Amino acid sequence: MLREAQSKVTTLLPAPISRRGDLPPSIKTRHRRKLSLRKLWTRLHCPKLKSELNNLLRRIFEAVRDLRGATWETTIDRAGENSRKLNQFWD
């Protein structure tokens with residue numbers, strides 16, 4: 001009876017989606033390096049570390065942008081001319 005009541009009032013949320021899970025190893029490696037650089041810069045506040053961190057951030061951003069663009073183009077190519085097929089990609 002208690003479980004029944006709980007299931008009626010409980011709202012199930014979708015599992016969180018990690019956007020890093022589908023990244024290639026090269027970008028994941030850069031991300032780990034970014035985390036360690038940021039941690040080090042937070043302690044030392046060295047200008048050289050900050051510029052290295054900023055350069056790394058820029059390279060990661062560009063790599064992810066290029067990857068997402070290529071993935072999107074592949075998705076569109078797979079859908080072809082059929083617009084109904086394109087709608088299936090969102091389900």
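Colleague: What makes the span of helix α3, residues 47-79, close to the expected one?

Modeller: In this predicted model, helix α3 has 33 residues and reaches 48 Å from its first C-alpha to its last. The expected span is 1.5 Å times one less than the number of residues, and for α3 that expectation is 48 Å, so the reach is described as close to it.

Colleague: Which residues of α3 are called buried, and what does that word require?

Modeller: The buried residues in α3 are L49, L53, L56, I60, A63, T75 and A79. Buried means under 20% relative accessible area, so each of these residues falls under that cut-off.

Colleague: Why are L37, L49, L53, L56 and I60 called a nonpolar core?

Modeller: A nonpolar core needs buried residues of the listed nonpolar kinds, Leu and Ile among them, joined through side-chain atoms within 4.5 Å. L37, L49, L53, L56 and I60 satisfy this and make up the largest such core, with five residues in all. The largest share of this core, four residues, comes from α3.

Colleague: Which residues does L56 touch, leaving aside those up to four places away in sequence?

Modeller: L56 touches R30, R33, K34 and L37. Contact means heavy atoms within 4.5 Å, so each of these four residues has a heavy atom within that distance of one in L56.

Colleague: How many salt bridges does the structure hold, and what makes D22 and R68 one of them?

Modeller: The structure holds three salt bridges. The side chains of D22 and R68 meet at 3.1 Å, N to O, and the cut-off is 4 Å between a side-chain nitrogen of Lys or Arg and a carboxyl oxygen of Asp or Glu, so the pair qualifies. This pair links distant parts of the chain, with D22 in the loop between α1 and α2 and R68 in helix α3, 46 residues apart.

Colleague: Why is R68 called partly exposed?

Modeller: R68 has 26% relative accessibility, and partly exposed lies between the 20% and 50% limits, so R68 belongs in that class.

Colleague: How do you know that R33 and E52 form a salt bridge, and which parts does the pair tie together?

Modeller: The closest N and O atoms of R33 and E52 are 2.8 Å apart, which is within the 4 Å cut-off. R33 lies in helix α2 and E52 in helix α3, so the pair ties together parts 19 residues apart in sequence. R33, at 39% relative accessibility, counts as partly exposed, and E52, at 32%, also counts as partly exposed.

Terms used: Residues are numbered from 1 along each chain as its sequence is written. This is a predicted model: local features need pLDDT of at least 70, side-chain atom pairs count only at pLDDT 80 or more; totals for chains, interfaces and linings use all residues. Side-chain values use heavy atoms; hydrogens and water are left out. Helices (H or I, at least four residues) and strands (E, at least two) are DSSP runs, numbered from the N terminus. Buried means under 20% relative accessible area, exposed over 50%, partly exposed in between (1.4 Å probe, protein chains only).
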